[in-house]
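User: Could you take a close look at the strand pairing in this one for me? I'd like one connected walk-through rather than a list.

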Amino acid sequence: MSTLIARRCFVSGRVQGVFYRASTRQKATELGCAGYARNLPDGRVEVLAVGEPQSVQGLLDWLWRGSPASEVKLVEVQELVLEDLEDLPVGFAQR
């Protein structure tokens, strides 16, 4: 069994109203990551990614590209401890 890791990302730029969350969900599912993508009131998108290290890294790399209509300016990444998460996500949700 592989070790799972968790990362919380805050994506800035033109990332709301351009199918960024839906595209993130699709890519995360392809890569086998669990978690979510949700809009924040300040215009950023928050992404929680949980999975095997290579899958999470693949999603983090993809976050810089995003959906075709998005314009990503910054991706801030925080390392999380799995034990600190209230519930381990199953699947990837678009909130």
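Analyst: First, a bit of bookkeeping: two strands pair if DSSP finds at least two bridges between them. Keep in mind, too, that this is a predicted model.

Let's start with one pair. Strand E1, residues 5-14, runs antiparallel to E4, and the two share 9 bridges. Along that pairing, Ser12 sits opposite Leu74 of E4.

Now zoom out to the whole sheet. It's an open one with 5 strands, ordered E4-E1-E3-E2-E5, and the pairing is mixed. The edges belong to E4 (71-80) and E5 (92-94); each has a single partner strand, so one side of each has no neighbour in the sheet. On average, neighbouring strands here are turned by 15° against each other, ignoring direction.

What lies across these strands? Helix H1 does: it crosses E1, E2 (34-39), E3 (45-51), E4 and E5, and runs at about 170° to E5.

Back on E1, Val11 is a good residue to click on. Leaving out residues up to four places away in sequence, Val11 touches Tyr20, Arg44, Val45, Val47, Leu63, Val72, Leu74 and Val75. So Leu74, which faces Ser12 across the strands, turns up among the contacts of Val11 as well.

That takes us into the packing. The largest nonpolar core has 20 residues, and Val11, Tyr20, Val47, Leu59 and Leu63 touch the most other members. At least two residues each come from E1, H1, E3, H2 and E4, with H2 giving the largest share, 5 residues. There is also a second, separate core of 5 residues, including Ala6, Tyr36, Leu48 and Leu85.

Tyr20 deserves another look. The structure has 1 aromatic pair: the ring centres of Tyr20 and Trp62 are 5.9 Å apart with planes at 35°, so the pair counts as tilted. Tyr20 belongs to H1 (residues 20-31) and Trp62 to H2 (residues 53-63), so the pair links parts of the chain 42 residues apart. Tyr20 and Trp62 are both buried.

For the overall frame, the chain has 2 helices and 5 strands, laid out along the sequence as β-α-β-β-α-β-β. Its radius of gyration is 12 Å, close to the 12 Å the globule rule gives for 95 residues, so the chain is as compact as a globular protein of that length. Among contacts with a separation of 6 or more, 78% join residues 24 or more positions apart. Buried residues come to 41% of the 95.

Definitions and conventions: Residues are numbered from 1 along each chain as its sequence is written. This is a predicted model: local features need pLDDT of at least 70, side-chain atom pairs count only at pLDDT 80 or more; totals for chains, interfaces and linings use all residues. Side-chain values use heavy atoms; hydrogens and water are left out. Rings of Phe, Tyr and Trp (its six-membered ring) pair if their centres lie within 6.5 Å; planes under 30 degrees apart count as stacked, over 60 as edge-to-face and the rest as tilted. Helices (H or I, at least four residues) and strands (E, at least two) are DSSP runs, numbered from the N terminus. Buried means under 20% relative accessible area, exposed over 50%, partly exposed in between (1.4 Å probe, protein chains only). Axes are lines fitted to C-alpha atoms, for helices over the stretch in contact, and angles run from 0 to 180 degrees between N-to-C directions. Contact means heavy atoms within 4.5 Å. A nonpolar core is a set of buried Ala, Val, Leu, Ile, Met, Phe, Trp, Tyr and Cys residues joined through side-chain atoms within 4.5 Å. The radius of gyration is taken over C-alpha atoms; the globule rule is 2.2 Å times the number of residues to the power 0.38.
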